[in-house]
Amino acid sequence: MTAEPHNDESFDLDDDELDESVQEKARDHAKSRKSPSSRRRNALQNAVEKIEDLDESELARERLQKVLASAGLASRRHCEEYILDGRVTVDGKVVTTLGIKVDPETQRVCVDGERVKIERRQYFLVNKPPGVISTNADPDGRPRVIDLLPPWKGRLFTVGRLDEGSEGLLLVTNDGDLAHRLAHPKFQVERVYRALVAGMPSDEVIRQLLQGLYFTEGKFRVHNIKRIKSSAKASILEMVLTEGQNREIRRLLARVGHKVMKLKRVAFGPLKLGELVTGAYRPLTPAELKGLQQFATNDPSHRPGSNRPGSRGPAGRTASGSPRSTPRRPAPAKRGRPTGGSKSVKKPRRGGR
């Protein structure tokens, strides 16, 4: 399938255009943030007051079996067996009840008399460069994402993956429960990408990507797509996925005749890449972490924007850029006149025969 020529613009796009489009979006988002309305401000204030009323020690508590599993002792099910067998003590007292909550930072948790070393939860946002792999183990010795962080940060792993040639946002943590909820396809976490592709995809290509195409693993489809910039030779697309299949975007666009020349993830759930330098990392802010945890515990259908139609773009326009049209209701069917002559048949009056 060949790309259609574009008559409106004549510029050619390159890698710098893609990076600039990402940075422009981050700056525009920061400028467009306005002060909340009084109603929203009051709601936020009430929420903050409720959180402040909670005991901090209660917020820090977690179920005992979860604490043991997070320390790498065993699976959560085996940790429950340790508790039921009386092998676990908390502050010197044997605990045999499941569901008890402890504060791993302030309480002494032991298994068979040995204190369990609790790892402090860590959360980092990394801007992965191309040529770096997401997996922790590589027999070929290629550079890894976790190598971008100091070794003294401890045992960490990436949430989901980006292929070696792609770049952009990755979450790195040691929180296994959170990683599971964010990476598993059934939780429908949105991933937003900017892609520099050859040619200009036509409206028909956009429809195919939204409807989905079949591959060996099943049906791949784009949840949402819009054009950012286009020329006769290249286009920048913003694409939203809810499942992280292997090289999904590259394979989809190759199938419809548009090679991906550069691919960058700019958002993952509520997290945004912003202007973080390629190859750099930063810890999540408390607000980001709280929002991420709330996002991960919410049902996908209750998240903001979850009812957004996949075939629509922003600002009341379709993915192809044409104005959104409101479907018309079908006209009611006209009643046919009785046959049998040109004169109309009079209806009998109510009560008549």
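The following paragraphs describe the overall composition of a predicted model, the pairing of one of its strands, and several individual residues.

The protein chain contains nine helices and 17 strands. Of its 353 residues, 35% count as buried, and the accessible surface of the chain comes to about 22,300 Å², with 48% of that area belonging to carbon and sulfur atoms. Among the contacts in the chain with a separation of 6 or more, 66% are accounted for by residues that lie 24 or more positions apart.

Strand β15, which spans residues 260-268, is mostly covered, eight of its nine residues being buried. Pairing was found between β15 and several strands, including β9, β10 and β16. With strand β9 (residues 167-173), β15 runs parallel, and two bridges join the two strands; within this pairing, Gly168 has Arg265 of β15 as its bridge partner. With strand β10 (residues 191-198), by contrast, the pairing is in the antiparallel sense and extends over seven bridges, and here Val192 stands opposite Ala267 of β15. Strand β16, formed by residues 271-272, is also antiparallel to β15 and is joined to it by two bridges. In this case the bridge partner of Ala267 is Lys272, so that, by the DSSP assignment of bridges between strands, Ala267 of β15 is matched with Val192 as well as with Lys272 in β16. The strands β15 and β16 together form a hairpin with two residues between them, and Gly269, located in the turn, has a positive phi of about 60°.

Positive phi values also occur at residues other than glycine. Asp112 has a positive phi of about 55° although it is not a glycine, and this residue is found in the loop between β5 (109-111) and β6 (114-115). With a relative accessible area of 49%, Asp112 is classed as partly exposed, because the exposed class requires a value over 50%. For Arg247, which is likewise not a glycine, phi is positive and near 50°. Arg247 is found in the loop that lies between β14 (234-241) and α8 (248-255), and its relative accessible area of 40% makes this residue partly exposed.

Leu213 is found in strand β11, which comprises residues 213-215. Its relative accessible area is 14%, and Leu213 is therefore counted as buried, the limit for that class being under 20%. When its neighbours within four places in sequence are left aside, Leu213 is in contact with Gln208, Gly218, Lys219, Phe220, Leu252, Arg255 and Val256. One of these residues, Leu252, is separated from Leu213 by 39 residues in sequence, whereas the C-alpha to C-alpha distance between the two leucines is 7.3 Å.

The cysteines were examined for covalent links and for burial. A disulfide is a covalent bond between the sulfur atoms of two cysteines. With a cut-off that places the paired sulfur atoms within 2.5 Å, the count of disulfides in the model comes to zero. As regards burial, Cys79 has a relative accessibility of 0% and therefore counts as buried. Cys110, at 6% relative accessibility, also counts as buried, because this value falls under the 20% limit.

Definitions and conventions: Residues numbered from 1 in each chain as written. Predicted model: local features only at pLDDT ≥ 70, side-chain atom pairs only at ≥ 80, totals over all residues. Heavy atoms only, no water. Buried < 20%, exposed > 50% of the residue type's maximum accessible area, 1.4 Å probe, protein only. Helix = DSSP H or I, 4+ residues; strand = E, 2+ residues; numbered from the N terminus. Contact = heavy atoms within 4.5 Å. Areas by Shrake-Rupley, 256 points an atom, 1.4 Å probe, with all protein chains shown as cover.
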